[in-house]
Every structure is written in structure tokens, then in C-alpha cells.
Amino acid sequence: MGGRIQEDLLCPIAAMDLRIRGLTRDYESDGKRIRALDHVDLNIDSNEIFTLLGPSGCGKTTLLRCIVGLETPDAGEIAIGDDIVFSSEKGINMPPEKRGLGMVFQTYAIWPHMNVFENVAYPLRARNTSRSDIQERVERALRFVQLEGFGNRPATRLSGGQQQRVALARALVAEPKVILFDEPLSNLDAKLREETRKQLHRFLTELKITAVYVTHDRVEALALSDRIAVMKQGRIVEVGDPKKIYFDTDDPFVADFIGRANLIPATVRHSSETHAIVDTAIGPIRARNSRRIPVGGKAMLCARPEFIRVDLSASDTRPNLFRGNVIHRIFVGEAYEAEIRIGETLLTTTIDPEVAIEAGDDITVVFDADHCFLIPSS
Ligand code: ATP
């Protein structure tokens, strides 16, 4: 795959940006109104891999279906490039086939009675593309998704990961302005999911296409995205690049959803340019304070398990060092996950498997001041 550029692989795709304003969608269920989307505003740049991440029922799929045109919003506007494809105010609702979008679903949605070639050729045949053009473009798309030579294979005689690559080739062959993915890896087993995730990342980065990706899997979101929008109850809670979302979110819900997080109530005692010393139930802790919460301000200190480290030099008196007791630990391969108690506070840490600890042991842990951060609390 390496250094090949998009033009060698597929026709250049005119990636477009996507702008969503005030999108609202209500459903009725058992006589009750459910607000699936609540005034959603989003700008997705062209060539960006943009992920909608959130717990089950937060409205991700509804938003994707509204963009595609499979769902009609109650209010708001959606524009793709220069085209308004939906506007409640202007009375515009472009049908899905006119929106120029490609979609890859969770369930592959490939045709079982067709071979691989015919599956990929399907959108081109529907547009009466010439036979020689179809041949060339399907071959290029199959080469791109590394299924060269698979054209005659019955589509059902492929692994799940290969079927998903057929679905991707079929979406790409039509040269969509934006490609949308609805949890495309969730039917694959853990190992295949990891492999396919890497391939997908490579494909999308090389293609320079605008992609909107729906998932509730945080690792997938972190690994694939240029930016992530975290959703909760029909609203966008925060938008940012993966590192910002992981290391410097403004929101305790996001901190907890994107990775395991120890959230400790804190009050700022001293604040400098970048860091602060906060008072907590276990004692003073130094942490990053990029929000510049002032002295006396209330915060949540977010300490991810991997940044609370066991320190074997127990006599050390450095700041951020605490004595604790191991309550419980489990071996997860690359590390132990341990629950420790410091005073009345329970925290989760990850511990190197080489460190010999048992439940009941007293240990010393140190909080990494550069990776623990403060979230303002009201
Ligand atoms: P998941 O990750 O489980 O797919 P999601 O984030 O994609 O969830 P949506 O499927 O968009 O969430 O659903 C948002 C809300 O709207 C949920 O409360 C859901 O129950 C409700 N909902 C979705 N479709 C309908 C429908 N056709 N009729 C009634 N309620 C619906």
C-alpha cells in the first residue's frame, strides 16, 4: 500500500465539507416523545475523518441517517459542500440517492447472490456507466482494498473483514463526496477488528476523503479519527482531536467515557502558569491546569490509571506520592489492573506485570503531574 497515491488507486474524489445546524429529531414511542437529536451543530472539514462517539441511544445513528437522508429531521439544516441537502426552514429535503454519499454499514450489506466484482460494480451499473469504465474502476477499487483477484469469488465465501472491505470498495467506487460508516467493525471478532481498523485507517488516510464514522468503541474512535464528537442524550458534548479528548477534556462525562478515569473532587490551593496544586480527600496533588482554574476554584482531578504509577522507593518524599493498599488486582496481559485504597478513596491503577504485588499489600503510588488534569466543576 505504502506510498501509492489516491490517483493511482481510484479516481480523485472531490471530498466535501459537511455543515449541520440546529438538527433536531423527535420520535414517538409508547405515547412518549424521545428527543434523539437536540439542536446539533457540527462542522466537518473536507478530508477529515470525523467520529461520532457516545453510549448506546445517544443519537449517533439517527444523526448519520439524517445526513444520508434515510431519516427526516424535525428541524435544522444540513449542507454538503455548496449544496443544502436538508433545510426545514427552506423546505429542502434532497433524496438519499441525490446526496452523493457512500455508506458502509455494520452488517456489510453485500448481496449474497452476486460475486465480489458484481457487488462492487452495483452502484456503477445503477448509473449506466460504460462496461469498460466499470471494469477499470471496480478493479482499481478492489486493488485499493487489497482484494485484487477476488472478483469472481462468491461474496459470501469471504471472511467478515474481507466482506467489509468489499462494502468499502462498493462505497468508494461511486466516488462519494462523503463516506459514512455505521459501526462497521462491530461484527468482527476482537483480533480481526484490530487488523481491519488499521487497514481502514490506512485506506482513509491515503484517500483523503471526508469520512463520518459512528462508533461506541473508544479505542476505535481514538485510533481512527482526526476529530471526535462525543455525544450524550442527543447533544454534542465536546469536539476535539483524540489527544485533546483523552488528555484535556472539559467534561467529566467525556473523561470517563473515552477511557478509564479516576475523578477526584478537588479545590485549587495554588495555581501557576500551567499547573496547580489542589486539595483533595487524599491530600495535595499537583496536576495540569490548562483551564487556569483560579485559587479557590472547584475542579475534578482526572487521573487515568496508567498515570498513577507504583513507586518502589517507598521512603521517597516527593510531591504527588501516596501510600495505599491493594484491594484487588487482575492480570490483563500487558499489566495488572488494580484497585487501591488511599484513605477512604478507591482508585484504579495499571501496574507493570513484573511488579510483584498481591491484594492486601501496602504500596506507594505517584501521580504523574503532567498527565493528570483538572476539569472545572460548577
Ligand atoms: P446505538 O449505539 O445503540 O446504535 P445510537 O447512539 O445510535 O445507539 P440512536 O439509534 O440514534 O442511538 O437512538 C437515539 C434515541 O432514539 C434512542 O433513545 C432510541 O431508542 C430512539 N430511537 C431511535 N430510532 C427510533 C424509532 N424509530 N422510534 C422510536 N425511537 C427511536
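How many helices and strands are there in the chain? The chain has nine helices and 21 strands, where helices (H or I, at least four residues) and strands (E, at least two) are DSSP runs numbered from the N terminus. This is a predicted model, in which local features need pLDDT of at least 70 and side-chain atom pairs count only at pLDDT 80 or more, while totals for chains, interfaces and linings use all residues. Residues are numbered from 1 along each chain as its sequence is written, and side-chain values use heavy atoms, with hydrogens and water left out.

The C-alpha trace spans about 75 × 50 × 45 Å along its principal axes. Of the 378 residues in the chain, 49% are buried, meaning under 20% relative accessible area with a 1.4 Å probe, protein chains only. Contacts (heavy atoms within 4.5 Å) can be sorted by sequence separation: among those between residues at least 6 apart, 66% join residues at least 24 apart.

The ligand is surrounded by Y27, I34, A36, P55, S56, G57, C58, G59, K60, T61, T62 and E183; a residue belongs here if one of its heavy atoms lies within 4 Å of the ligand. Strand 2 (32-44) and helix 2 (60-68) each supply at least two residues of this shell, and helix 2 gives the most, with three.

Polar contacts (pairs of N or O atoms within 3.5 Å) involve ligand oxygen atoms. One such atom lies 2.7 Å from a backbone N or O atom of G57. For C58, a polar backbone atom is 3.1 Å from a ligand oxygen. In T62, a side-chain N or O atom is 2.5 Å from an oxygen atom of the ligand.

Key:
Buried means under 20% relative accessible area, exposed over 50%, partly exposed in between (1.4 Å probe, protein chains only). A polar contact is a pair of N or O atoms within 3.5 Å; within protein, one must be able to donate a hydrogen and the other to accept it, and residues adjacent in sequence count only if both atoms are side-chain atoms.
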